[in-house]
Amino acid sequence: LGTSGDIRDVLGRKLEEKGFDKAYVVLGQFLVLRKDEELFREWLKETCGANAKQSRDCSGCLREWCDAFL
C-alpha cells in the first residue's frame with residue numbers, strides 16, 4: 001500500500017467484490033443517498049474501508065460531476 005495507486009486498487013477491488021464494479025454504479029449509490037455527501041462517505045467507509053480523505057475526494061468528485069451534468 002505504498003502509493004496512492006495501490007490504495008485505489010485495493011479499494012476498487014473491495015467495491016467490485018460488493019457489486020460496485022463500474023463508476024456509474026458508485027454514482028448510482030451516491031444518487032440513491034440523495035447526493036448526501038456525509039451519508040455517502042460513511043457508506044464508502046463501511047463498504048470498502050475508505051479513509052476520510054479518500055471518501056471526501058470521491059464524494060466531492062461525484063458532487064462536482066452531478067452539478068455539471070444533472
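The legends below describe close-up views of one predicted model.

Residues are numbered from 1 along each chain as its sequence is written. In this predicted model, local features need pLDDT of at least 70, side-chain atom pairs count only at pLDDT 80 or more, and totals for chains, interfaces and linings use all residues, while side-chain values use heavy atoms, with hydrogens and water left out.

**View 1. Helix α4 from end to end.**
Helix α4 covers residues 52-69. Helices are DSSP runs (H or I, at least four residues), numbered from the N terminus. The expected span of a helix is 1.5 Å times one less than its number of residues. With 18 residues, α4 should therefore span 26 Å, and its end C-alpha atoms are indeed 26 Å apart. Look next at the start of the helix. There, a side-chain oxygen of Asn-51 comes to within 3.1 Å of the backbone nitrogen of Lys-53. This is a polar contact: a pair of N or O atoms within 3.5 Å, where within protein one atom must be able to donate a hydrogen and the other to accept it, and residues adjacent in sequence count only if both atoms are side-chain atoms.

**View 2. The two sides of helix α4.**
Which residues of α4 are buried? They are Ser-55, Ser-59, Gly-60, Leu-62 and Cys-66. Seen down the axis of α4, these buried residues fall within an arc of 170 degrees, so they line one face of the helix. The arc is that of the directions from the helix axis to the C-beta atoms. Buried means under 20% relative accessible area, exposed over 50%, and partly exposed in between (1.4 Å probe, protein chains only). The face turned away from the buried side carries the exposed residues Lys-53, Cys-61, Glu-64, Ala-68 and Phe-69. The cover over the buried residues of α4 includes α2 (23-32) and α3 (37-48).

**View 3. The largest nonpolar core.**
A nonpolar core is a set of buried Ala, Val, Leu, Ile, Met, Phe, Trp, Tyr and Cys residues joined through side-chain atoms within 4.5 Å. The largest one here has 13 residues, and Leu-15, Phe-40 and Leu-44 touch the most other members. Helices α1 (4-17), α2, α3 and α4 are the elements that give two or more residues to this core. The largest share, 4 residues, comes from α3. Phe-40 has contacts (heavy atoms within 4.5 Å). Leaving aside neighbours within four places in sequence, Phe-40 is in contact with Val-26, Gln-29, Phe-30, Leu-33, Cys-58, Ser-59 and Leu-62. In soluble globular proteins, nonpolar side chains tend to be buried together.

**View 4. Ser-59 in its pocket of neighbours.**
Ser-59 is found in helix α4. Is Ser-59 buried or exposed? Its relative accessibility is 0%, so Ser-59 counts as buried. A polar atom of the Ser-59 side chain lies 3.2 Å from the backbone oxygen of Arg-56. Beyond its neighbours within four places in sequence, Ser-59 is in contact with Phe-30, Glu-37, Phe-40 and Arg-41.

**View 5. Salt bridges around Glu-37.**
A salt bridge is a side-chain nitrogen of Lys or Arg within 4 Å of a carboxyl oxygen of Asp or Glu. The structure holds 3 of them. Glu-37 forms one with Arg-63, with the closest N and O atoms 2.5 Å apart. This pair links distant parts of the chain: Glu-37 is in helix α3 and Arg-63 in helix α4, 26 residues apart. Glu-37 also pairs with Arg-41, where the closest N and O atoms are 4.0 Å apart. Glu-37 and Arg-41 are 4 residues apart in helix α3, which means about one helical turn separates them. Together, Glu-37, Arg-41 and Arg-63 are linked in a network of salt bridges. Arg-41 counts as partly exposed, at 26% relative accessibility. Arg-63 is partly exposed too, at 32%.

**View 6. A salt bridge along helix α4.**
The side chains of Lys-53 and Asp-57 meet in a salt bridge (2.6 Å, N to O). Both residues lie in helix α4, 4 residues apart, about one turn of the helix. An α-helix has 3.6 residues a turn, so residues three or four places apart point the same way. Asp-57 is partly exposed, with a relative accessible area of 38%.

**View 7. Thr-47 and Cys-48 in helix α3.**
Thr-47 lies in helix α3, and Cys-48 is found there too. Thr-47 counts as buried at 14% relative accessibility. Its side chain reaches the backbone oxygen of Trp-43 at 2.7 Å. Leaving aside neighbours within four places in sequence, Thr-47 is in contact with Leu-15 and Lys-18. Cys-48 is buried, with a relative accessible area of 3%. With the same neighbours left aside, Cys-48 is in contact with Leu-11, Lys-14 and Leu-15.
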